[in-house]
Amino acid sequence: MAISNNKRVDQLLRAMKQSLPGVNDEHSLYDLLKPALSFKGPIRYNNRWPWLMTVAGLVVLAILWLLDSSKLTGLPDSLLNGLNWLLSPLYRLPLGPWSPFLLLTGIGVWQLLSRYQRLQGLADAIWRKNLLLDNQLQEIPCQPEAKAREFARSFYEFNRGNHKRSIDWLCQGHYQGTEHQFDYQLFDFHYVDKHTTTTTDSKGRKHTHTTYRHYHRYGVILSFGFTQDLNILGYSNSGQTGVKWEPASLDFRKQFKVLAGSEMIASKFFKPTVVEQLQQLGQKLRQTNLEFNRQGILCLTVADSDFANVPRPVGLEDAEAFLTVLKQQTKLPKLTLALHCVHQLMVYTDSNF
């Protein structure tokens, strides 16, 4: 008995997902796509039934709402009576006439979303693996909230979010410059602000409403070594302190606020070439913060969501095109820009410059 295309797609995705953790080089990544390349038929789900369930459920729910709110009184009596007669058994259901159609719509939507996530989620995971390999990055497993607490002990940057803080993604990388080289950790910092408001309606009843706002900061942490106790803030202050220092450049002052452990630290660091380098960085990355802690370790953060990502141009629906893209080198331009800037700051501030 032939199995449906949907079941074959499920089997394909399940097998590829199980093989993905074992991918550790480009050749094994290309081999991962072999089952998709030889797949007979389209690698996509036939969603006719989920769509029918969703649309039919919504249509009946809309009709029930219109009847209950007397918004169909303009219809001919014969049609209105027919609708009431047809739907009258539903009003004897213990959970109300809406219940079977809410369930039908819910199942339809759930199937559509789960199938979409299954297919696109795997393509995203393959793409993420490809970016790691192309940029010589190694993912580091970590406890997200514990890691955020660990980073917060070294940098004020992680003192954000009154509800939740986590490091959702962490990688290890290495930068080789012309004069300096350094290891770095690349991260996605996720924090949540919780806001609760209480209102009173016209009858004196109080209502509490809670909202959660999610934010992400992307960045790198590395051993800098040529300055310390210095904050260059293009985004909001999250607890950094120090002596306010302003270089002569008006453009720089528009982009950054500087708080240093002392005026000596700031004046020694902010050479004209350094100011110019930071201005260029601030023009190309959003909401850039550089925090050099007292141990000379730098935490550079930005708001750009593509700092450590590049949009996936194609997916498993076109396996051959996906493989072609995977075989190309895909760099992370904003990360490269930031690392190059850090390297230049090292060059400009080491004792040899």
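**Strand pairing and aromatic contacts in a predicted model**

Q: In this predicted model, how many bridges pair strand E2 (residues 164–176) with strand E3 (residues 181–200)?
A: The two strands run in the antiparallel sense. Gln176 stands opposite Gln181 in E3. A hairpin of 4 residues joins E2 to E3. The bridges between E2 and E3 number 12.

Q: Which residue in the turn between E3 and E4 has a positive phi?
A: E3 and E4 run antiparallel, joined by 17 bridges. Within this pairing, Gln185 stands opposite Ile221 in E4. The hairpin leaves 5 residues between the strands. The turn residue with a positive phi, about 85°, is Gly204.

Q: Which residue of E7 is the bridge partner of Trp245?
A: Strand E6 (residues 243–245) pairs with E7 in the antiparallel sense, over 3 bridges. Trp245 has its bridge partner in E7. That partner is Val258.

Q: Which residue in E7 stands opposite Leu230?
A: E5 and strand E7 (residues 257–260) run antiparallel. They are joined by 4 bridges. Opposite Leu230 stands Ala260.

Q: How many aromatic pairs does a search of the whole structure find, and what is the geometry of Phe224 with Phe269?
A: The search finds 16 aromatic pairs. In one of them, Phe224 and Phe269 have their centres 6.5 Å apart. Their planes meet at 65°, and over 60 counts as edge-to-face. The geometry is edge-to-face.

Q: How many residues apart in sequence are the parts tied together by Phe224 and Phe269?
A: Phe224 lies in the loop between strand E4 (206–223) and strand E5 (230–233). Phe269 lies in helix H9 (residues 263–269), so the pair ties together parts of the chain that are distant by a count of 45 residues.

Q: Is Phe269 buried or exposed?
A: Buried means under 20% relative accessible area. Phe269 has 1% relative accessibility. Its partner Phe224 has 3% and is buried. Phe269 is likewise buried.

Q: Why is the pair of Phe224 and Phe292 classed as it is?
A: The ring centres are 4.9 Å apart. The planes stand at 70°, so the class is edge-to-face.

Q: Where does Phe292 lie?
A: Phe224 and Phe292 are both buried. Phe224 lies in the loop between E4 and E5, and the pair ties together parts 68 residues apart in sequence. Phe292 lies in strand E8 (residues 289–292).

Q: Over the face of which ring does Arg128 lie?
A: Arg8 lies over the face of Phe39, at 4.4 Å from the ring centre. Arg128 is at 4.0 Å from its ring centre. That ring belongs to Trp169.

How values were computed. Residues numbered from 1 in each chain as written. Predicted model: local features only at pLDDT ≥ 70, side-chain atom pairs only at ≥ 80, totals over all residues. Heavy atoms only, no water. Phe/Tyr/Trp six-rings, centres within 6.5 Å; stacked < 30°, edge-to-face > 60°. Buried < 20%, exposed > 50% of the residue type's maximum accessible area, 1.4 Å probe, protein only. Lys NZ or Arg CZ within 6 Å of the ring centre and 35° of its normal. Pairing = 2+ DSSP bridges.
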